[in-house]
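User: I should like to understand the words used to describe a protein model. Please explain how each term is justified.

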Amino acid sequence: MSPAGTTSGPAVVLDGVAKRYGEVRALDGVSLTVERGEFFGVLGPNGAGKTTLVEIVVGMRQPDTGTVSVLGENPWPRNTALLRRLGVQTQTSAFFTRLTAAEHLETVAALYGLDRAAARRALELVDLAEKARSRVDDLSGGQRQRLALATALIHGPDLIFLDEPTAALDPEARRSLWEVLRSLRSEGRTIVYTTHHLDEAEALCDRVAIVTRGSVAALDSPGNLIRSLAAPARLLVPVGRISAEQARAVEGVDRVTVEGGELVIETRAANRVLVSVGALVGMESIQTRTATLEDAYLRLTAATRDAAAAQATNATEQQS
Ligand SMILES: Nc1ncnc2c1ncn2[C@@H]1O[C@H](COP(=O)(O)OP(=O)(O)OP(=O)(O)O)[C@@H](O)[C@H]1O
């Protein structure tokens with residue numbers, strides 16, 4: 001059987017995709033393109049519509065309106081030939097819980113027509129070989145998450161969807177999963193994933209879409225988002241070297257707070273302020289924290305929340 005889908009062109013194209021659950025507008029006209037070979041992050045607050053978006057793209061849900069193209073094909077109704085080219089890990093991944101981890105993967109391998117070696121390779125890929133003989137029921141949350149990832153990757157898919165794959169992992173396991181994801185990316189596979197770990201998205205993603213209230217509020221590389229949303233840098237000075245009033249008086253300083261024994265000076269003119277504050281306290285006393293994707297994200301989501309609150313107030317005032 002020849003595999004479904006094209007081998008060139010974008011990996012995913014969404015055009016005007018909307019989805020309601022009763023009164024809840026989960027997606028409100030989402031249009032975006034994921035290029036082939038891209039590591040693409042979908043970020044957003046709880047309930048923003050990320051899972052719904054991924055479920056529509058992989059053919060688990062039908063959009064109310066709009067079009068979806070995955071490797072050049074429509075994923076709905078469930079396109080079983082296309083499914084062989086997709087690797088999907090959702091938050092509700094199903095396991096054969098009475099089996100051992102190895103038996104579970106061997107069963108999945110058999111469903112794809114693969115041999116036991118594929119199951120062993122998948123276990124090793126996610127660093128779970130030592131739990132091969134443990135029952136799935138007896139695995140920890142993080143180990144189950146790694147098994148879910150192995151299940152999604154066992155057949156070597158071209159396009160991989162992961163819904164919060166590192167949510168239950170300890171910091172070491174998270175870093176080792178980053179390496180797995182990076183190696184998949186370097187093999188030319190496309191990865192679309194959702195996460196609440198902004199540091200991770202910044203480290204891994206070529207581009208991210210920030211979804212708020214069912215719409216794409218921003219879509220760009222992490223670096224461009226940080227620049228365009230003008231997130232501030234922070235200078236940290238031990239309390240006592242300079243007063244908050246003195247710091248506020250420095251030209252270019254936006255905000256001064258005290259956190260954990262440090263005066264935190266926020267600025268969007270980091271170089272200029274660093275020189276001025278350095279002249280007051282000595283350069284060696286200053287720690288710098290450049291703006292992160294998390295800063296940019298928080299600014300954007302706060303602005304979206306404020307705009308929605310203002311709209312709701314206006315609507316109430318007009319009614320009364
Ligand atoms: N099956 C469903 N029936 C009714 N409402 C739903 C259903 N699934 C999701 N919703 C609602 O749709 C909205 C979007 O949910 P979704 O799970 O897509 O968000 P999310 O961004 O993935 O959230 P989280 O970060 O918490 O996982 C939410 O308001 C949610 O309550």
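Analyst: One definition is required first: helices and strands are DSSP runs, of at least four residues (H or I) and at least two (E) respectively, numbered from the N terminus. On that basis P77 falls in the loop between β4 and α2 (80–83). Please note also that this is a predicted model.

User: What makes the peptide bond between W76 and P77 a notable one?

Analyst: Its geometry is cis, with omega at about -5°. P77, the second partner of this bond, sits in the loop that runs between β4 and α2.

User: How many helices and strands does the protein have?

Analyst: The protein has eleven helices and 13 strands. Its C-alpha trace spans about 70 × 55 × 40 Å along the principal axes. The domain assignment gives domain 1 (12–227) and domain 2 (232–290), and the C-alpha centres of these two domains are 41 Å apart.

User: What share of the residues in the protein is buried?

Analyst: A residue is called buried if 20 or more other C-beta atoms lie within 10 Å of its own. Of the 320 residues in the protein, 36% are buried.

User: Why is α1 said to be largely enclosed by the rest of the structure?

Analyst: Six of its eight residues are buried, so the helix α1 is largely enclosed by the rest of the structure. The buried residues are K50, T52, L53, V54, I56 and V57. After α1 comes G59, which has a positive phi near 85°.

User: Which residues are around the ligand?

Analyst: The cut-off is a C-beta atom, placed from the backbone, within 6 Å of the molecule. The residues around the ligand are Y21, V24, A26, G44, N46, G47, A48, G49, K50, T51 and T52. Both β2 (24–34) and α1 (50–57) contribute at least two residues to this shell, and the largest share, three residues, comes from α1.

User: How is the shell around the ligand divided by class?

Analyst: It holds four nonpolar, six polar and one charged residues. Gly is counted as polar in this scheme, and the shell includes G44, G47 and G49.

User: How do you know that D127 counts as partly exposed?

Analyst: Partly exposed means between the two limits, 20 or more for buried and 12 or fewer for exposed. D127 has 17 C-beta neighbours inside 10 Å, and therefore counts as partly exposed. D127 lies in the loop between α4 (116–125) and α5 (141–153). Its phi is positive, near 65°, although D127 is a residue other than glycine.

User: Is E164 buried, exposed or partly exposed, and why?

Analyst: E164 is partly exposed because 17 other C-beta atoms lie within 10 Å. The residue occupies the loop between β6 (159–163) and α6 (171–186). E164 has a positive phi as well, of about 50°, and is not a glycine.

User: What is the order of the three strands in the open sheet?

Analyst: The order is β2-β1-β4, with antiparallel pairing. The strands β2 and β4 (65–70) are called edge strands because each pairs on one side only. From one strand to the next, the twist averages 25°.

User: How do you know that β1 and β4 pair?

Analyst: Two strands pair if DSSP finds at least two bridges between them. Strand β1 (residues 12–21) and β4 have five bridges, in the antiparallel sense, so the condition is met. As one example, A18 has T65 in β4 as its bridge partner.

User: Which strands pair with β12 over six bridges?

Analyst: Strand β10 (residues 233–238) pairs with β12 in the antiparallel sense over six bridges, and strand β11 (residues 253–259) does so as well. E266 of β12 is the bridge partner of R234, and E266 also stands opposite R255. A hairpin is formed by β11 and β12, with two residues between them. In its turn, G260 has a positive phi of about 55°.

User: What makes the side chains along strand β12 alternate?

Analyst: The term describes the two faces of β12 (residues 262–267): L263, I265 and T267 point to one face and are buried, whereas E262, V264 and E266 point to the other and are not.

Terms used: Residues numbered from 1 in each chain as written. Predicted model: local features only at pLDDT ≥ 70, side-chain atom pairs only at ≥ 80, totals over all residues. Domains from an automatic or database assignment. Axes fitted to C-alpha atoms, helices over the stretch in contact; angles between N-to-C directions.
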